[in-house]
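User: I would like to learn how to read confidence, helix faces and empty spaces in a model. Could you take me through one?

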Amino acid sequence: MAATDHSQQIKQDSQEYLITALLQLLQTTNLNDIKVTQVVKKAGVSRMAFYRNFETLEDVLIAYFKPKVDAEFKLVINRVPQNEKMTALGEFFSEISNTMALAVKRNYEFIIQNIFNENMTNFYDVVLNWNDFSPIQRKYWTRFMSAGVYAIWREWLVGGQKESLNDIHTLIADFQTATLKALENEKHR
């Protein structure tokens, strides 16, 4: 058992070294311009260690961002009162504004956006009652709103956060309410 624990620790250490190395390289270089060779050299691990843990550099970033974003959404979904959920998400976005700016600048924003969209789907599954909607309405409304919410937060963050967090929260809530009402009205036609 001890050998298994030791090999697991080595694997975890390698993953952490690779994540740290890639994040450091991204401070000055676009993701598309970084090679696995650079990452393993900076991490001090072998190329084989890289491929034992990850298939691509994108996988390294997913391994870093997914647990962080997932944990934040779980906290919001499970512990924050219903009327404070969007505000809590807004605060989370505010906290990661520097990370988002770098992701945009270094061409890996799509990774964060995909993780965000996955979590928004789960968020809406938990906070909304879908009994009166068809599976098609649910699927496409959720995708539409996830993309819209992301676009609003992104614009707010990248644009310098000129509007108040409350204004952004109200805008998103208004869009959600209006689009849900439109779906409800569609049923009655």
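Analyst: Happy to; we will go through confidence, one helix, and then the cavity and pockets of this predicted model.

User: Where in the chain is confidence lowest, and where is it highest?

Analyst: The chain as a whole has a mean pLDDT of 87, with 94% of its residues at 70 or more. Helix α5 (residues 85-95) marks the low end at a mean of 76, while helix α2 (residues 36-43) marks the high end at 97.

User: Let's stay with α2, then. Which of its residues are buried?

Analyst: Val36, Val39, Val40 and Ala43 are the buried residues of α2.

User: Why do these residues lie on the same side of α2?

Analyst: The general idea is that an α-helix has 3.6 residues a turn, so residues three or four places apart point the same way. In this case the buried residues cover an arc of only 95 degrees around the axis, and therefore they sit on the same side of α2. Have a look just past the helix as well: Gly44 takes a positive phi of about 75 degrees.

User: Now for the empty spaces. How many cavities of 30 Å³ or more does a search of the whole structure find?

Analyst: The general idea is to roll a probe the size of a water molecule over the atoms, which shows where empty space is left. Here the search finds one cavity of 30 Å³ or more. The largest cavity holds about 30 Å³ of space, and its lining consists of Val69, Phe92, Phe93, Ile96, Ile112, Phe116 and Tyr150. Helices α5 and α7 (109-127) are the elements that each give two or more residues to this lining. By class, the lining has seven nonpolar residues, no polar and no charged ones.

User: What lines the largest pocket?

Analyst: That pocket has about 230 Å³ of space. Among its lining residues are Leu23, Gln27, Tyr64, Phe65, Lys68 and Val69. Helix α4 gives the most, with four residues; α4 (57-79) and α6 (97-105) are the elements that contribute two or more. The lining divides into nine nonpolar, two polar and one charged.

User: And which residues lie nearest the centre of the second largest pocket?

Analyst: Of the 13 residues in its lining, Gln82, Met86, Phe123, Val127 and Gln176 lie nearest the centre. The volume of this second largest pocket is about 190 Å³. Helix α9 gives the most to its lining, with four residues, and the classes are eight nonpolar, four polar and one charged.

Conventions
Residues are numbered from 1 along each chain as its sequence is written. This is a predicted model: local features need pLDDT of at least 70, side-chain atom pairs count only at pLDDT 80 or more; totals for chains, interfaces and linings use all residues. Side-chain values use heavy atoms; hydrogens and water are left out. pLDDT is the predictor's confidence in each residue, from 0 to 100. Buried means under 20% relative accessible area, exposed over 50%, partly exposed in between (1.4 Å probe, protein chains only). The arc is that of the directions from the helix axis to the C-beta atoms. On a 1 Å grid over the protein atoms alone, a cavity is a set of points where a 1.4 Å probe fits but cannot get out, and a pocket is an open set with protein on both sides within 12 Å along at least five of seven lines; lining residues have an atom within 4 Å of a point. Grid points are joined across faces, edges and corners, and a volume is the space filled by probe spheres set on the points. Ala, Val, Leu, Ile, Met, Phe, Trp, Tyr, Cys and Pro count as nonpolar, Asp, Glu, Lys and Arg as charged, and the others, Gly among them, as polar.
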